[in-house]
Structures are given as C-alpha cells and as structure tokens.
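Biologist: Could you walk me through this structure and explain the words you use as we go?

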Amino acid sequence: GGSQKGVLKDHVIPRPYLSEERRSLIEMRMLVALFVTLGIVFVADATACYNTADNPCKCISDQIDGKNYTIDISFLQGKTAKQSGQTYTYDMFPCKMQVCEREKGDEKYAVCQVPTSGEGFGCGKSDVEHTTWEITDFANKIFAITFKGGNSDRESDFIFTYGSGETTYEVTSSEKKKYRIEVKGKDVDIKPVGGGGGGFGAGEVGWILMALILVAVLMYFIIGALIMYFVKGARGVEVVPQYSFWKDLPLLIKDGFLFTISPCYKGASTHYEKI
C-alpha cells in the first residue's frame with residue numbers, strides 16, 4: 001500500500017496533447033482578442049462642449065490633449081434643410097430662436113418644421129437647458145448637437161462634418177418626432193480657443209503614435225507570454241515570445257552599427273574575403 005502511495009505522489013500528470021492545427025486555432029483566437037482589446041483601448045470617448053446663455057451658437061470643449069476648443073455654428077442661422085421626398089422644410093435659428101411659421105402660440109424654437117400647408121411645429125430649443133454638444137471625432141472635425149424641448153417633445157439631432165466643399169443641409173431621418181439633420185462642408189470647424197485651425201498638431205500626432213506603439217508592444221508581450229505558457233508549455237524566460245530573437249537583438253544591433261560605420265574609419269578591418 002505504501003509503495004502505491006509513493007507512486008501516486010511522484011506521478012506527474014502529462015500535459016494534454018495539442019495538434020498543430022489546434023494550436024494554430026488557439027493562437028489565432030488570441031490574436032483576435034489582442035486586436036479587439038486594442039480597438040477598445042483606442043476608441044475615443046466623445047468630448048463634451050458647453051454653450052452659454054450669452055451665445056447659444058458657440059461652445060467651449062473639455063480639454064483635448066491639454067487644450068480647449070471652440071465650435072461656432074453661427075452660419076446655421078436662417079438656413080433651411082430639406083428631406084428628399086418630403087414636402088416639409090426645416091428652418092434653423094440656433095443663435096436667436098424664432099416663432100415658427102404656422103406654429104400656434106408665441107413659443108420660440110431653434111428648429112422649425114414648416115409644411116406647405118397646415119400647422120408647423122417647433123423641433124427643439126437652443127438654450128442651455130435643452131441643448132447637448134459633443135465632439136465625436138476630433139481628428140476629422142465631426143461633432144453632434146441635440147436640440148430638445150420642441151413641440152410635443154420633438155427634438156433635432158444634428159451631425160456636423162467638415163468638408164472642403166460648400167456647406168449642405170439635409171434631413172436624413174424624421175421618425176417618431178426625432179429629426180436627424182446632417183450638415184457637411186467648409187463652414188464646419190473645430191478651433192482651439194484663441195484662434196487657429198482645429199485638428200492635431202505635428203507634436204500631438206507624434207505622441208499619439210508613440211502611445212499606440214507602446215500599447216501594441218505591451219499587448220504583444222502579454223498575449224505572447226500567455227500563448228507560450230498555456231499553449232506551448234514554456235516556463236521561465238522561455239515564456240517570452242520569440243525569446244531567441246530578443247536575446248540576440250542587442251548583438252544584432254551592435255553588428256549592424258559596426259558594419260554601417262566601419263567604412264568611415266581608415267584602415268578598418270573586415271572579416272570578409274576579398275573578391
């Protein structure tokens with residue numbers, strides 16, 4: 001009985017065998033997980049922008065890379081948007097709200113739905129209480145504004161996108177008292193507080209690229225180590241992915257450096273045979 005216990009105590013449970021096909025599938029899934037993780041890390045959250053009662057057509061954003069930015073939609077005042085196949089038009093007065101044409105009463109709105117006949121409706125207000133501004137894609141100068149508080153809880157969702165051409169105004173959706181209006185063109189802009197153009201500066205792009213590279217390298221080593229440990233059964237320093245390459249890298253860099261600069265020195269020796 002005692003010898004049997006000793007055998008059980010010293011017995012090593014073999015690691016389950018994995019075929020090359022199975023290992024490749026697991027590695028592929030790990031790589032997919034890596035890219036999904038990187039995608040989640042780099043999805044930028046929307047940046048809030050705040051307008052004031054003094055000027056409902058302008059807002060100042062939270063800081064982006066240490067700077068505040070401003071948006072001005074004064075160009076929207078008095079413009080009209082249309083929806084393809086519909087008879088309604090939508091007049092826009094975000095800077096100074098107006099009583100809507102054909103609207104009953106004297107309530108003022110920032111967006112007015114105007115029919116060819118019959119009653120019109122207010123589709124949102126531009127005061128601080130009813131307005132939300134968000135920079136959704138800073139690099140491409142895309143931002144969104146929602147005007148709530150319209151007649152019977154109507155609201156208008158604006159999507160602004162910078163473009164090099166003339167500015168266009170189009171209603172792309174008008175369902176369940178919610179209206180989506182897309183504004184595209186050269187009038188759309190995001191500028192740093194104090195003037196100048198929007199977008200990333202050269203220095204900011206450099207820091208962003210460095211951050212992306214750093215996170216990618218970290219994820220490479222983390223995911224690679226997990227694969228080496230759990231899939232390939234490596235232990236110790238062998239869990240480092242491509243360990244032999246990283247171990248030899250300093251020598252490879254040294255050899256490459258010496259090979260590059262050796263012709264610069266007079267009488268530099270070489271181990272290569274003369275042709």
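Modeller: Happily! The protein chain exposes about 18200 Å², and carbon and sulfur atoms supply 58% of that area. Such areas come from the Shrake-Rupley method with a 1.4 Å probe, and for residues only the protein chains shown count as cover. This is a predicted model, where local features need pLDDT of at least 70 and side-chain atom pairs count only at pLDDT 80 or more, while totals for chains, interfaces and linings use all residues. Residues are numbered from 1 along each chain as its sequence is written, and side-chain values use heavy atoms, leaving out hydrogens and water.

Biologist: What makes a stretch count as a helix or a strand?

Modeller: Both are DSSP runs, numbered from the N terminus: helices are H or I with at least four residues, strands are E with at least two. By that rule the protein chain has four helices and 15 strands.

Biologist: Why is strand β11 called largely enclosed?

Modeller: Buried means under 20% relative accessible area (exposed is over 50%, partly exposed in between; 1.4 Å probe, protein chains only). Six of the six residues of β11, residues 142–147, are buried, so the rest of the structure largely encloses this strand. Ile 142, Ala 144 and Thr 146 point one way, and Phe 143, Ile 145 and Phe 147 the other. In a regular strand, side chains alternate between the two faces of the sheet.

Biologist: How do you know that β11 pairs with β12?

Modeller: Two strands pair if DSSP finds at least two bridges between them. Six bridges join β11 to β12 (residues 155–162), running antiparallel, so by the definition they pair. Phe 143 has Phe 160 in β12 as its bridge partner.
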